[in-house]
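Please open the structure in the viewer and keep the selection panel at hand. The stops below are intended to be visited in order.

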Amino acid sequence: MPLPDTIYCAQQINIPPELPDILKNFSKAAIRTQPKDLLLWSAAYFSALSKGECLPVKDRLEMNVATQKTDTGLTPGLIKILHKQLSSEQTCSKEQLQKKWKGLCLPMDQLEALLSLGYFGPDIDWMEFFALGCSALGGTLVSSLKFACEILTEDEEGGAARIPFSTFVKLYTYLALLDGDMPQEHIDNFLSSLQAQVELQEGMIKPLDFIHRDDMDSTPPDSSNFGRATSRAEREL
């Protein structure tokens, strides 16, 4: 007696009506994201899709940033994906971050270098790790914060790239203190110098407000702790 699910002809194969749209959206996402390991990324994509989670998909096709000396794989678009996936809570677990990082086909050695640099434990302050991710792209304090603004902004692409000043303060303070050579007085004075402009912009700040300030980086970029560490991580990959 044949098994009930035995298939004798193609007409017996039931194809869900939503499958074509699923495959079409998957194909578009893969083209836009350009994962280095399609199989690994596909597993992360369909896992997130089945759970109703944020998909590991870039907003648009992008090239690696010009400041990268080697192809580390880390780009503003990928950091933005991680932010969407992990920023709903103030902290995320190391395991969650590792899973999402791996799903984006990013180098695990680079993740370990950033975790070591930030002295993170099992629970990770997401915005602190986000700041380190931006520093891996920018290398200097100014360029790192510029990337942060461009990634976090709700302005249209090519716009002012404004973000809340409270967010900027957290990112700037964390990276400046991590540098180790910047006195707290310098940090406080710099933030105070921005206050008037921020008030005119209803509590928002944009890169043009700080990018041309000569006193922002008190030490040469190559002497900063996070600059050395992220550069070293790139060389090792």
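The tour of this predicted model proceeds from a helix to a loop, then to a helix pair and a second loop.

**First stop: α2**

Select residues 38-51, which form α2. The 14 residues of this helix should span 20 Å at 1.5 Å a residue, and the C-alpha atoms at its ends are indeed 20 Å apart. Next, highlight Trp41, Ser42, Tyr45 and Ala48, the buried residues of α2. Viewed down the helix axis, these buried residues fall within an arc of 135°, so they line one face of α2. Display α1 (19-33) and α4 (94-103) as well, since the buried residues of α2 pack against both. Rotate to the face turned away from the buried side, where the exposed residues Leu39 and Ser50 are carried.

Both ends of the helix merit a selection. At the N-terminal end, aspartate 37 acts as a cap, with a side-chain oxygen 3.2 Å from the backbone nitrogen of leucine 39. After α2 comes glycine 52, which has a positive phi, near 70°.

**Second stop: glutamate 62**

Move on to glutamate 62, in the loop between α2 and α3 (76-86). Is this residue buried or exposed? Its relative accessible area is 15%, below the 20% cut-off, so glutamate 62 counts as buried. Show the side chain of lysine 58, with which the side chain of glutamate 62 makes a polar contact of 3.1 Å. Beyond its neighbours within four places in sequence, glutamate 62 is in contact with Thr75, Pro76, Gly77 and Leu78.

**Third stop: α3 and α6**

Select α3 together with α6, residues 126-138. Their axes come within 10 Å and cross at roughly 175°. The two helices are therefore roughly antiparallel. To inspect the interface, show Pro76, Ile79, Leu82, His83 and Leu86 from α3; they meet Trp126, Met127, Phe130, Gly133, Cys134 and Leu137 from α6.

**Fourth stop: lysine 206**

Finally, select lysine 206, in the loop between β4 (204-205) and α10 (225-236). Lysine 206 has a relative accessibility of 17% and counts as buried. Add glutamine 201, whose side chain is joined to that of lysine 206 by a polar contact of 2.4 Å. Leaving out residues up to four places away in sequence, lysine 206 touches Ala160, Ala161, Arg162, Gln197 and Gln201. A distance label to phenylalanine 168 completes the stop: this residue and lysine 206 are 38 residues apart in sequence and 9.3 Å apart in space, C-alpha to C-alpha.

Technical notes: Residues numbered from 1 in each chain as written. Predicted model: local features only at pLDDT ≥ 70, side-chain atom pairs only at ≥ 80, totals over all residues. Heavy atoms only, no water. Helix = DSSP H or I, 4+ residues; strand = E, 2+ residues; numbered from the N terminus. Buried < 20%, exposed > 50% of the residue type's maximum accessible area, 1.4 Å probe, protein only. Polar contact = N/O pair within 3.5 Å; in protein donor to acceptor, adjacent residues only side chain to side chain. Contact = heavy atoms within 4.5 Å. Expected span 1.5 Å × (residues − 1). Arc of directions from axis to C-beta. Axes fitted to C-alpha atoms, helices over the stretch in contact; angles between N-to-C directions. Parallel < 35°, antiparallel > 145°, perpendicular 65-115°, else oblique.
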